[in-house]
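Visitor: I've got a structure here and plenty of labels I don't quite trust. Could you walk me through where they come from?

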Amino acid sequence: MKKINSIFLFLILLSISCYSDDSDSSLKMWYDRPATVWNEALPVGNGRLGAMIYGDPVNEKIQLNEE
């Protein structure tokens, strides 16, 4: 019974910590148009694998890089 209570408490705490308040718009990035050159694209990656996202939803262009 104690194990079930611990798991239940863990799940409640996990659900509370995952709650996201979307009212803070300062953390959102909005762009008027897709990137046209490499310097305008958004970089994503972990240092070893990376990509540049150009952001055109109709013709998505993603440039990949490894090390």
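Here is a short chat about the labels used for this predicted model.

Visitor: Let's begin at the end of the chain. Why is Glu67 called exposed?

Guide: Exposed means over 50% relative accessible area. Glu67 has 71% relative accessibility, so it counts as exposed. You'll find Glu67 in the segment after β3 (62–66).

Visitor: What is the phi of Glu67 near?

Guide: It's near 45°, a positive value, and Glu67 isn't a glycine.

Visitor: How much of the chain counts as buried?

Guide: Just 7% of the 67 residues. To get that label, a residue has to be under 20% relative accessible area.

Visitor: What makes the lining of the largest pocket count as seven nonpolar, one polar and three charged residues?

Guide: Go through the lining residues by class. Asp32, Arg33 and Glu40 are in the lining, and Asp, Glu and Arg count as charged, so those fill the charged class. Gly55 is there too, and Gly counts as polar. Tyr31, Pro34, Ala35, Ala41, Leu42, Ile53 and Tyr54 are also in the lining, and their residue types count as nonpolar. The pocket's volume is about 230 Å³.

Visitor: Which pattern does the chain follow along the sequence?

Guide: It reads α-β-β-β, with one helix and three strands.

Visitor: And which residues does UniProt list for the domain entry?

Guide: The unreviewed entry gives residues 29–67 for "domain: Glycosyl hydrolase family 95 N-terminal". In the model, that span is 0% helix and 36% strand, and its end C-alpha atoms lie 27 Å apart.

Definitions and conventions: Residues are numbered from 1 along each chain as its sequence is written. This is a predicted model: local features need pLDDT of at least 70, side-chain atom pairs count only at pLDDT 80 or more; totals for chains, interfaces and linings use all residues. Side-chain values use heavy atoms; hydrogens and water are left out. On a 1 Å grid over the protein atoms alone, a cavity is a set of points where a 1.4 Å probe fits but cannot get out, and a pocket is an open set with protein on both sides within 12 Å along at least five of seven lines; lining residues have an atom within 4 Å of a point. Grid points are joined across faces, edges and corners, and a volume is the space filled by probe spheres set on the points. UniProt positions are given in the numbering used here, feature names are shortened, and annotations may be inferred rather than shown by experiment. Helices (H or I, at least four residues) and strands (E, at least two) are DSSP runs, numbered from the N terminus. Buried means under 20% relative accessible area, exposed over 50%, partly exposed in between (1.4 Å probe, protein chains only).
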